[in-house]
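Trainee: I have a model open and would like to go through it with you. Could we begin with one of its pockets?
Mentor: Certainly; please bring it up.

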Amino acid sequence: MADGMAPERNAQFREMLEGSKEDWDIIAQHAKSFNKGLSKRVLSHLELLDGDYGGFPIDRLEHSLQTATRAHRDGRDEEYVVCALLHDIGDTLGSYNHPDVAAAILKPFVSEENHWMVANHGIFQGYYFFHHLGLDRNMREAFKDHPYYERTAQFCHLYDQNAFDADYESEPLSFFEPMVERVFSRPRRSIYLNKNASAAAKSATD
Ligand SMILES: [Fe+2]
Ligand SMILES: [Fe+2]
């Protein structure tokens, strides 16, 4: 993956079997600075939703801002608000499974309950419209005994299903930028983390 470094600073192997400690030190060094830009890349991707209405009364970026603003104004913590902001980021690439995309992006940085909430919000949001499409609006009942059922049902009810109001005044994306930056600066769950370094050479497998 290109990150602007000169070729002479790159690892020399043709296949990983030849890789040396020196090669991997170089790669780890690149990953360190590349990973610092993650929140900006995520926000740039979110901005692809700008102008994407898909038939809805407001575009998908505005919906995302409204969901996050509602959660924030309701006193939710920063991690929750970031989940709210990014919950539909998968709409551009995950036409048939958009919650999975958001959940995968957020997974290293958020609690298990917030991750589950984002990963499953599509089924819970379906309560509000699946019946109009010939689907089962009660699909969420498959999770009725799950410990995060209530949390996810609440997210959709309080912040997501009602975030299509063209008259609502949301905070701008810049308001949420520092929050996203902070949440994405603290990876907790990743196979590329070790106890000696905050992030190992993740980009090696790209
Ligand atoms: Fe969604
Ligand atoms: Fe949504």
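Trainee: How do the residues lining the second largest pocket divide into nonpolar, polar and charged?
Mentor: The lining of the second largest pocket holds 11 nonpolar, 10 polar and five charged residues. Please keep in mind that this is a predicted model.

Trainee: How many residues line that pocket, and which lie nearest its centre?
Mentor: The lining comprises 26 residues, and those nearest the centre are F56, D91, H98, Q125 and F129. Two or more lining residues come from each of helix 3 (60-73), helix 5 (98-106) and helix 6 (112-125).

Trainee: Which helix gives the most to the lining?
Mentor: Helix 6 does, with four residues.

Trainee: And what is the volume of the second largest pocket?
Mentor: Its volume is about 530 Å³.

Trainee: Let us turn to the metals. Which protein donors does the iron ion (ligand 1) have?
Mentor: The donors are D88 through OD, H98 through NE2 and H121 through NE2, at 2.1 to 2.2 Å from the ion. Their spacing in sequence is D-x9-H-x22-H. H98 has already appeared in our discussion, among the residues nearest the centre of the second largest pocket.

Trainee: What does D88 bridge?
Mentor: D88 bridges the iron ion (ligand 1) and the iron ion (ligand 2), and these two ions are 3.6 Å apart. As for the chain, D88 sits in the loop between helix 4 (78-86) and helix 5, whereas H98 belongs to helix 5, 10 residues apart from D88.

Trainee: Is D88 buried or exposed?
Mentor: D88 is buried, because its relative accessibility is 7% and the cut-off for burial is under 20%.

Trainee: A change of topic: where is S111 found?
Mentor: S111 occupies the loop between helix 5 and helix 6. With a relative accessible area of 19%, S111 counts as buried.

Trainee: Why does 19% still count as buried?
Mentor: Burial requires a relative accessible area under 20%, so S111 at 19% falls within that class.

Trainee: What does S111 touch beyond its sequence neighbours?
Mentor: Leaving aside residues up to four places away in sequence, S111 touches E79, R188 and R189. S111 and R188 are 77 residues apart in sequence, yet their C-alpha atoms are 9.0 Å apart in space. In addition, a polar atom of the S111 side chain lies 3.1 Å from the backbone nitrogen of N114.

Trainee: Where does H115 lie, and what does its side chain reach?
Mentor: H115 is part of helix 6. Its side chain reaches the backbone oxygen of A103 at 3.4 Å. H115 is also buried, with a relative accessible area of 18%.

Trainee: Which residues does H115 touch?
Mentor: H115 touches A103, K107, V110 and R189, again not counting residues up to four places away in sequence. R189 is thus a contact of H115 and also of S111.

Trainee: Finally, the overall fold: how many helices and strands does the protein have?
Mentor: The protein has eight helices and zero strands. The C-alpha trace spans about 55 × 35 × 30 Å along its principal axes.

Trainee: What share of the protein is buried, and what share of contacts join residues at least 24 apart?
Mentor: Of the 206 residues, 37% are buried. Among contacts between residues at least 6 apart in sequence, 66% join residues at least 24 apart.

Key
Residues numbered from 1 in each chain as written. Chains lettered and ligands numbered in written order. Predicted model: local features only at pLDDT ≥ 70, side-chain atom pairs only at ≥ 80, totals over all residues. Heavy atoms only, no water. 1 Å grid on protein atoms, 1.4 Å probe; cavity = no way out; pocket = protein on both sides within 12 Å on 5 of 7 lines; lining within 4 Å. Points joined across faces, edges and corners; volume = space filled by probe spheres on them. Nonpolar A, V, L, I, M, F, W, Y, C, P; charged D, E, K, R; others polar. Buried < 20%, exposed > 50% of the residue type's maximum accessible area, 1.4 Å probe, protein only. Contact = heavy atoms within 4.5 Å. Polar contact = N/O pair within 3.5 Å; in protein donor to acceptor, adjacent residues only side chain to side chain. Donors = N, O, S within 2.8 Å, 3.2 Å for Na, K, Ca; no water.
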